[in-house]
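Here is a short briefing for a reader new to this structure. Start with the view below, then work through the points by topic.

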Amino acid sequence: NTFPEGYPTVVVLSSSYGAKHLAGVVDMITGWFQDDRLHVEGFIDNSSEWNFEIVVNGVLLHSRNTQGHSFFQDDRYQQSLVWRAISDLLPDARAMAVKGA
C-alpha cells in the first residue's frame, strides 16, 4: 500500500513460523499511538524461517534473523527504540502517546 507522503509507516514481517506473534506486535505498536497518521501493517515473509523484522519508514530497526534480536514482545529496549523512531516522526505524538513502551 502507498500512504500519503509524510505519514509514518511501520511494516512488521514474520515468517509463517512466527506468525502467531505478528498480529500481537501490530496491535502493540498501533496501541502506543492514537494517531490516524500512523500506518502499521503486518505481512508473512518466508524468506527465512526465523524472519521477524520491524521496519519504520524504510529503516530496519528490529530483526531476529539478521541482527539477532530476541522476541520483540519481551525486549523492552527494542520496544523503546521502535517507539522513539515513530514518535520522532509524529511531532505531537509524545504528548498523545499511550504509555506502553
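The face of α1 turned away from its buried side carries two exposed residues, K20 and D27. That outer face is a good place to begin, and the buried side comes next. Keep in mind that this is a predicted model.

**Helix α1**

- The buried residues of α1 are L22, V25, V26, I29 and W32.
- They sit on the same side of α1, because they cover an arc of only 130 degrees around the axis.
- An α-helix has 3.6 residues a turn, so residues three or four places apart point the same way.
- On the face turned away from that buried side, K20 and D27 are exposed.
- The buried residues of α1 have packing partners in β1, β2 (39–44), β3 and α2.
- The length of α1 agrees with expectation: at 1.5 Å a residue, its 14 residues should span 20 Å, and its end C-alpha atoms are 21 Å apart.

**The nonpolar core**

- The largest nonpolar core has 19 residues.
- Those with the most contacts inside this core are V10, V12, I29, I54, F72, V82 and I86.
- Two or more core residues come from each of β1 (9–14), α1 (19–32), β3 (52–56) and α2 (76–89).
- The largest share, five residues, comes from α1.
- In soluble globular proteins, nonpolar side chains tend to be buried together.
- F72 is one of the residues with the most contacts inside the core. Leaving out residues up to four places away in sequence, F72 touches V25, M28, I29, W32, F52, I54, H62, Q78, Q79 and V82.
- Among these partners of F72, V25, I29 and W32 are buried residues of α1.

**Salt bridges**

- How many salt bridges are there? The count comes to two.
- Side chains of opposite charge can pair when their charged atoms come close.
- One bridge joins the side chains of D35 and R37, at 2.5 Å from N to O.
- D35 is buried, because its relative accessible area is 12%, and buried means under 20%.
- R37 counts as partly exposed, at 28% relative accessibility.
- The other bridge pairs R84 with D88, whose closest N and O atoms are 3.1 Å apart.
- Both R84 and D88 lie in helix α2. They are four residues apart, about one turn of the helix.
- Both ends of this bridge count as partly exposed: R84 has 45% relative accessibility, and D88 has 47%.

**Two loop residues**

- N57 is found in the loop between β3 and β4 (59–63).
- Although N57 is not a glycine, its phi is positive, at about 50 degrees.
- N57 counts as partly exposed, with a relative accessibility of 38%.
- H69 is found in the loop between β4 and α2.
- Is H69 buried or exposed? H69 is buried, with a relative accessible area of 18%.
- A polar atom of the H69 side chain lies 3.0 Å from the backbone nitrogen of S63.
- S63 is also one of the residues that H69 touches, along with L61, H62, R64 and Q78, not counting residues up to four places away in sequence.
- H62 and Q78 appear among the contacts of H69 and among those of F72.

How values were computed: Residues numbered from 1 in each chain as written. Predicted model: local features only at pLDDT ≥ 70, side-chain atom pairs only at ≥ 80, totals over all residues. Heavy atoms only, no water. Core = buried A, V, L, I, M, F, W, Y, C linked by side-chain atoms within 4.5 Å. Buried < 20%, exposed > 50% of the residue type's maximum accessible area, 1.4 Å probe, protein only. Contact = heavy atoms within 4.5 Å. Expected span 1.5 Å × (residues − 1). Arc of directions from axis to C-beta. Salt bridge = Lys/Arg side-chain N within 4 Å of Asp/Glu carboxyl O. Polar contact = N/O pair within 3.5 Å; in protein donor to acceptor, adjacent residues only side chain to side chain.
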